[in-house]
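Biologist: I should be grateful for a close look at a single part of this model, namely one helix and its surroundings. Please explain each step of the reasoning for a first-year student.

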Amino acid sequence: MGRITEDLIRRNAEHNDCVIFSLEELSLHQQEIERLEHIDKWCRDLKILYLQNNLIGKIENVSKLKKLEYLNLALNNIEKIENLEGCEVLKKLDLTVNFIGELSSIQTLKQNIHLEELFLMGNPCANFDGYRAFVVATLHQLKWLDGKEIERSERIQALQNYSMIEQQIREQEKAYCLRRAKEKEEAENKVRSEYGNVDKRSNPGFDGRWDPDISSSPPSSLESKDHVLSPESQEEACNKKKSYDNEEDLEFWSKPCLFTPESRLETLRHMEKQREDREKLSAKKKVKPPRVLITEDGKVLNVNEPKLDFSLKDDEKHHTIILDLAVYRYMDTSLIEIDVQPTYVRVMVKGKPFQLVLPAEVKPGSSSAKRSQTTGHLVVYMPKVEEVIACVRPASKSVKATSDSSKEQGNQRSKNIEKLEVDPSKHSFPDVTTIVQEEKHPPRRLKSEPQIQEDPGFEDNPEVPPLI
C-alpha cells in the first residue's frame, strides 16, 4: 500500500529546495497511493496538487488547503464528490476516469464559488441521460465542463428543464447504486474464496492429506535439513516454478473482469506479489564472487574490469612512470579511488577495479594524480625509487683480501726505506729576484716589405731625381 510520507513529499519538492511548508506545487502521480492524508498539515500553501493515476478511494484531508486552485484526481477510485468546501479559491477540478455514480454529490461544489472548470468524463455518471444539463443547472459558477465551454443559452435551457432532469438523474443514480452494491458483494465473496484456496494450498494435498506424487509420508525436519538438491534438480524445480507462475500470470490477465475499484486493487495486489516473487528469486541467485586481485602466493594480477583504455609510459628524463587512464568524461570524480603501491597501482572506477603491475618500484608517498577537464582522463604520476647498490657477502670477502695484500705490500716497503742525503756544501739560497717573473711578450710580427726585383738591363741615371 502506497502512503503519503514526508520523505515522499520532500523527494518531489526538489524545485523548492526540498522545503515542504512553503511548497506551492506538488506532483504525486503514479505512486500507488490509496489514501489522501497529511498534505493539509504539511503543505498549507499549495496552489496546484497532482494526484492522478493512484488508488485514492475518497476525497479527504484537503479542506485546510485555502490557497488550492487546481486539484487533479484523475484515474483514481473516487465514488463521491465530498470534503472540498474548505478549498475556497478552487478554480479547476479534474475527476476524469473515476467511479463517481452519485451525480447529486456535485451539489457540495456550490460553495466553491470560484470553480470555473470541472472534468467528469469517464465516470459512470457521465453516461446518465441529462448529465450535462443537470451539472450546468446545478453549478451556476461553472464556465467549462469536460473541456467544453458552457454557453448562456445552454444554461437557460437546463434551468428551465431542471425539475424533470433531476428526477431522471435520481432514478438512474438509484439503479446504479443497487448495481454497485451487488458488485461489491461479489468482489468480497471472490476475495474470501481466494483466501480459502490459499489456506488449503498451504497444506499438502489440498485436502489434509499428502500428495502421493510428492511423498508417501510427511517429511521430517531432519530430512529436510539433510536433504540437499543437486544443481540439476534445483534448476529443474526453478524452471517448473517459473512455468507455473507464467501460467498463473497468463490466466490472471486473460480472465475478463469489470472495471471497478475492487478490480484495480486486485490488479495492484497481483503486481505487488509478482514484484515480491522476483525479489525473492533475485535474492536466491548466487552472488558473483569478488574478482581476485592478488593471488594466495602474493602475485599481483593485471585487471581491467571497467574496460577502459590506458597507456603506461616510463619517463626516463624525470625518472617517473606515468599512467593515463581514459575515465568516462562526464563521470563524477568522487566515484574514483586510487591506491598506489610500490609495485602496482589500483584504480576503483564506480566500484570496478583497474589494476596494473608496474615495471619498476615507485614511491607511493610522492605520487600524484590529476584529471583532465576536457577529456576526463585520469593521469597518475609515480616517481621511481632511486637505484641503490647493494653489498653482497662474497664481494666483501674479496675486498678484505685485497686490503690484507695491500697491508703486506706496505710492510715490505717500510722495510726497504731509501734515505736521500743532501750535501751542505752545495746548499744555495733561493734567488729572490726570480720569484716574480715578468711576462714575456712575444715579438710582434713585422710586415715584410715588398722586394723590388731590379731589371738586369736597368741603368741608373743620376740626373733623374729619386722618388719620394
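Modeller: A residue counts as buried when its relative accessible area is under 20%, as exposed when this is over 50%, and as partly exposed in between. The model under discussion is predicted. With that cut-off in mind, consider helix α3, which spans residues 131-138. Seven of its eight residues are buried, so helix α3 is largely enclosed by the rest of the structure. The buried residues of α3 are Tyr131, Arg132, Phe134, Val135, Val136, Ala137 and Thr138.

What surrounds the helix may be described next. Two packed helices are described by the angle between their axes and the distance between the axes. For α3, one such partner is helix α4, residues 152-160. The two axes come within 8 Å and cross at roughly 95°. Since angles of 65 to 115 degrees count as roughly perpendicular, α3 is roughly perpendicular to α4. On the side of α3, the contact is made by Arg132, Ala133, Val136 and Ala137; on the side of α4, Glu154, Arg155, Ala158 and Leu159 take part. By character, the residues of this contact divide into five nonpolar, no polar and three charged. Arg132, Val136 and Ala137 thus appear in two lists: they are buried, and they belong to the contact with α4.

Another residue of α3, Phe134, leads to a loop elsewhere in the sequence. Phe134 is itself buried, and Ser104 touches it. Ser104 lies in the loop between β4 (92-94) and β5 (117-119). Is this loop residue buried or exposed? Its relative accessibility is 15%, and therefore Ser104 counts as buried. Besides Phe134, Ser104 touches Arg170 and Glu173, when residues up to four places away in sequence are not counted.

Two other loop residues serve as a comparison for the cut-off. Asn61, in the loop between β2 (48-50) and β3 (70-72), has a relative accessible area of 30% and is partly exposed. Leu75, in the loop between β3 and β4, counts as partly exposed at 35% relative accessibility. Their backbones also deserve a remark. Most residues other than glycine have a negative phi. Asn61, although not a glycine, has a positive phi of about 55°, and Leu75, also not a glycine, has a positive phi of about 55°.

To return to the helix: α3 is largely enclosed by the rest of the structure, its axis crosses that of α4 at roughly 95°, and its residue Phe134 is touched by the loop residue Ser104.

Definitions and conventions: Residues are numbered from 1 along each chain as its sequence is written. This is a predicted model: local features need pLDDT of at least 70, side-chain atom pairs count only at pLDDT 80 or more; totals for chains, interfaces and linings use all residues. Side-chain values use heavy atoms; hydrogens and water are left out. Helices (H or I, at least four residues) and strands (E, at least two) are DSSP runs, numbered from the N terminus. Buried means under 20% relative accessible area, exposed over 50%, partly exposed in between (1.4 Å probe, protein chains only). Contact means heavy atoms within 4.5 Å. Axes are lines fitted to C-alpha atoms, for helices over the stretch in contact, and angles run from 0 to 180 degrees between N-to-C directions. Angles under 35 degrees count as roughly parallel, over 145 as roughly antiparallel, 65 to 115 as roughly perpendicular and the rest as oblique. Ala, Val, Leu, Ile, Met, Phe, Trp, Tyr, Cys and Pro count as nonpolar, Asp, Glu, Lys and Arg as charged, and the others, Gly among them, as polar.
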